[in-house]
Amino acid sequence: MTSKFIWVAFILATLTLSITFSLQPDEQKVLLVSFDGFRWDYLYRVPTPHFHYVMKNGVHVKQVTNIFITKTYPNHYTLVTGLFAENHGIVANDMFDSILNKSFSLDTMNIYDSEFWEEATPIWITNQRAGHTSGAAMWPGTDVKIHQSFPTHYMLYNESVSFEDRVAKIIEWFTSKEPINLGLLYWEDPDDMGHTLGPDSPLMGPVISDIDNKLGYLIQMLKKAKLWNTLNLIITSDHGMTQCSEERVIELDQYLDKDHYVLIDQSPVAAILPKEGKFDDVYEALAHAHPNMTVYKKEEIPERWHYKYNSRIQPIIAVADEGWYILQNKSDDFMLGNHGYDNMLAEMHPIFLAHGPAFRKNFTREAMNSTDLYPLLCHLLNIPAMPHNGSLGNVQDLLSSAAPRALPYTQSTTLLHGSVKPGEYEQEESYAYFIGVSLGSVIVIVFFIIFVKHLIRSQMPALPDMQAEIVQPLLQA
Ligand SMILES: [Zn+2]
C-alpha cells in the first residue's frame with residue numbers, strides 16, 4: 001500500500017515538472033506591426049477606438065525611448081535586433097562607409113547591399129535558424145539578403161501595394177499548411193503625411209483616423225481568420241514627428257566652403273565628411289555658427305546616444321534643436337514635419353501596444369526602451385536571443401504569466417560594438433519558470449529518496465534469515 005502511494009506521488013511530481021516545461025511560451029505566434037511615424041500622443045489627438053480597444057484588452061506603454069538618430073531605418077533595425085545604431089550598423093537613412101567605400105541611401109532606394117545590414121542578425125533569421133518560418137510584408141530590410149537569407153516569405157518593397165493586400169499576405173502565411181510563427185507588417189503612414197502637413201496641422205486628424213481604421217481592418221481580418229485570440233499582436237512605430245518652420249532653417253552654405261566637405265546625411269543630424277586636410281577648417285567654421293545647432297567631433301558625441309563607435313558615423317555631426325532644420329542651402333527640400341532629433345524628446349517617441357494570449361489585459365506601463373522589444377520577441381518565439389542592448393526585465397510585467405509583477409525599470413545595457421561575446425546576453429527566463437523547475441526537481445528528488453529508503457526497508461526482513469543460514473554451518477562445525 002505504502003509503495004503504491006509513493007509511486008503515485010512520484011508520478012505527480014514528474015507531472016509538475018513537465019507542466020512547468022509545457023508552460024514555456026513555445027508555439028507562440030507573433031505579428032509585429034509598424035505604422036511609420038506614429039507619435040505616442042496621436043492616440044489622443046482624435047478618437048482612435050481601435051487603438052483603444054487593443055489597449056483595453058491588452059497592454060500599453062506610454063513612453064518608449066527609441067534610439068538616436070530617430071530616423072526610420074535605424075529604428076526599424078533596432079526593433080528587430082535590440083541594438084543601438086552604432087552596434088547594428090544602420091546608423092542613418094543615408095550613409096557612407098569609408099571602409100567599404102560604399103554609399104547607402106533610402107532616398108534613392110540604394111539599400112540592397114547586404115554588407116550594410118550584416119553587422120547584426122535580424123530576428124527573422126534567428127527565428128528560421130531555430131527551425132521556424134517567418135513572413136514579412138514590406139518591413140524595412142526584409143527584402144534584402146542578409147547573412148545569405150531572406151525571410152521564409154516576403155514581399156519586394158513597393159509603396160503602392162495597399163495595406164489590405166499586405167494584410168492579406170500576412171493572414172495567408174499565418175493560416176497556411178506550414179504556418180509562420182513570426183509576421184512583420186509595415187505601413188508608410190502617418191509618417192508621409194506628417195512630413196507634408198506638419199504634425200500640428202489640423203489636417204493630421206483625418207490621417208490618424210485613417211490609421212485607426214486600418215488597425216480596425218487588421219483586427220477584423222484576424223478575427224475572421226480565427227487568429228485574434230491565438231496570435232500576439234504588437235503595434236509599434238519607429239519614431240514621432242515635430243513641427244518645423246521655414247523660419248527655423250540653418251543653411252550650411254552660410255558658414256562652410258562647399259568644396260571642403262561632403263554632406264552625407266541632412267537634417268536634423270547633418271553628417272559631415274570633411275575633405276582631406278580640411279577637418280579643422282570645417283569644424284571651426286561650424287562649431288559656434290548657430291545657437292540652435294550643436295556640432296560634435298565624432299569622439300565627443302554624448303555617450304547616451306550610443307552613436308559613436310561605427311565607421312559609418314562621420315567625423316563631424318551637427319545636431320539641430322527640436323523644430324530646426326539644417327540644409328546646405330534653401331533650394332534643398334524642406335518639410336513641415338521632421339524627425340531624427342534627440343531621442344530624449346517626447347515628440348520623437350513612438351507608440352507601443354500589444355494584445356494576445358501572452359499579454360495582460362488592460363495594463364499600462366509607464367516606460368520602456370525600444371531595444372527591449374527584441375528580447376521580448378525572442379522570449380515569445382522561444383528562440384535564443386543574439387547579443388543585444390535591451391532587457392526583458394524592463395517589459396516582463398507586460399506578460400500575463402510573468403512574475404514578479406513589478407520589476408524595476410532599468411536603462412538599456414551598454415554594449416560596445418564587438419566587445420561582448422555572443423552568449424553573454426542569452427535569453428532571460430521568467431522567475432516563475434525557475435521556481436517551477438526548482439520546485440519540481442526538489443519534489444522528484446525527495447520522493448526518489450523516500451522511495452529508495454522504502455525499497456531498502458522492504459528488503460530488511462530477509463536479512464536475519466540470510467545471516468542465520470550463514471551462521472548455521474559455522475555452529476554445526
Ligand atoms: Zn519620416
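Two strands count as paired here if DSSP finds at least two bridges between them. Keep that in mind for the sheet, and remember throughout that this is a predicted model.

**Stop 1: the four-stranded sheet**

Select strands S13 and S14 to begin. Five bridges join S13 to S14, and the two run antiparallel. To find the register, pick Lys297, which stands opposite Ile316 in S14.

Now bring in the rest of the sheet. It is an open sheet of four strands, ordered S11-S12-S14-S13, with antiparallel pairing. Its edges are strand S11 (261-265) and strand S13 (293-297), each of which pairs on one side only. Look along the sheet and you can follow the turn from strand to strand: neighbours are rotated by 25° against each other on average, direction ignored.

Walk across the remaining pairs. S11 and strand S12 (residues 269-274) are antiparallel and share four bridges; on this seam, Asp265 stands opposite Ala271 in S12. Next, add helix H10 (residues 279-287), which packs on the sheet and touches S11, S12, S13 and strand S14 (316-320). The direction of H10 makes about 155° with that of S13.

Then move to the seam between S12 and S14, where four bridges hold an antiparallel pair. Ala270 is the residue to click here, as it stands opposite Ala318 in S14.

How many of the five residues of S14 are buried? Five of the five are, so S14 is largely enclosed by the rest of the structure. Show the side chains to see how they alternate: Ile316, Ala318 and Ala320 point one way, while Ile317 and Val319 point the other way.

**Stop 2: the zinc ion**

Centre the view on the zinc ion. Which protein residues donate to it? They are Asp191, through two OD entries, together with His195 (NE2) and His339 (NE2), at 2.1 to 2.4 Å. In sequence, these donor residues follow the spacing D-x3-H-x143-H. The angles among the four donor atoms run from 55 to 146°, and the site is irregular.

Colour helix H8 (residues 191-197) next. Asp191 and His195 are four residues apart in H8, which means they are separated by about one helical turn. Asp191 is buried, with a relative accessible area of 7%, and His195 also counts as buried, at 11%.

**Stop 3: two cis peptide bonds**

Step back just before H8 in the chain, to the loop between strand S7 (182-187) and H8, where Pro190 sits. The peptide bond joining Asp189 and Pro190 is cis, with omega about 15°.

For another cis bond, go to Phe68 and Ile69, where omega is about 0°. Ile69 belongs to the loop between strand S2 (59-65) and helix H3 (72-79).

**Stop 4: positive phi values**

Select Asn101, in the loop between strand S3 (94-97) and strand S4 (102-105). Its phi is near 55°, a positive value in a residue other than glycine. Is Asn101 buried or exposed? Asn101 is exposed, with a relative accessible area of 58%.

Gln148 makes a good companion, with phi near 70°, again positive in a residue other than glycine. You will find Gln148 in the loop between strand S5 (134-137) and strand S6 (153-154), exposed at 64% relative accessible area.

**Stop 5: salt bridges**

A search of the whole structure finds 14 salt bridges. Here are a few to display.

Begin with Glu119 and Arg312, whose closest N and O atoms are 3.3 Å apart. Glu119 lies in the loop between helix H5 (114-117) and helix H6 (123-129), and Arg312 in the loop between S13 and S14, so the pair ties together parts that are 193 residues apart in sequence. Glu119 is partly exposed, at 28%, whereas Arg312 is buried, at 4%.

Next, select helix H9 (residues 204-224), where Asp210 and Lys214 lie four residues apart, about one turn of the helix. Their closest N and O atoms are 3.1 Å apart. Asp210 is partly exposed at 33% relative accessibility, while Lys214 is buried at 12%.

Finish with Asp397 and Arg365, whose side chains meet at 2.8 Å, N to O. This pair links distant parts of the chain, 32 residues apart: Asp397 is in the loop between helix H11 (373-381) and helix H12 (431-459), and Arg365 is in strand S18 (residues 363-369). Both Asp397 and Arg365 are buried. As a last selection, show Asp97 with Glu119 and Arg312: salt bridges that share partners join these residues into one network.

Definitions and conventions: Residues are numbered from 1 along each chain as its sequence is written. This is a predicted model: local features need pLDDT of at least 70, side-chain atom pairs count only at pLDDT 80 or more; totals for chains, interfaces and linings use all residues. Side-chain values use heavy atoms; hydrogens and water are left out. Donors are N, O and S atoms within 2.8 Å of the metal (3.2 Å for Na, K and Ca); water is not among the atoms, so sites may look incomplete. Four donors count as tetrahedral if all angles lie between 85 and 135 degrees; four count as square planar and six as octahedral if opposite donors are over 155 degrees apart and all others between 65 and 115; anything else is irregular. Buried means under 20% relative accessible area, exposed over 50%, partly exposed in between (1.4 Å probe, protein chains only). Axes are lines fitted to C-alpha atoms, for helices over the stretch in contact, and angles run from 0 to 180 degrees between N-to-C directions. Contact means heavy atoms within 4.5 Å. A salt bridge is a side-chain nitrogen of Lys or Arg within 4 Å of a carboxyl oxygen of Asp or Glu.
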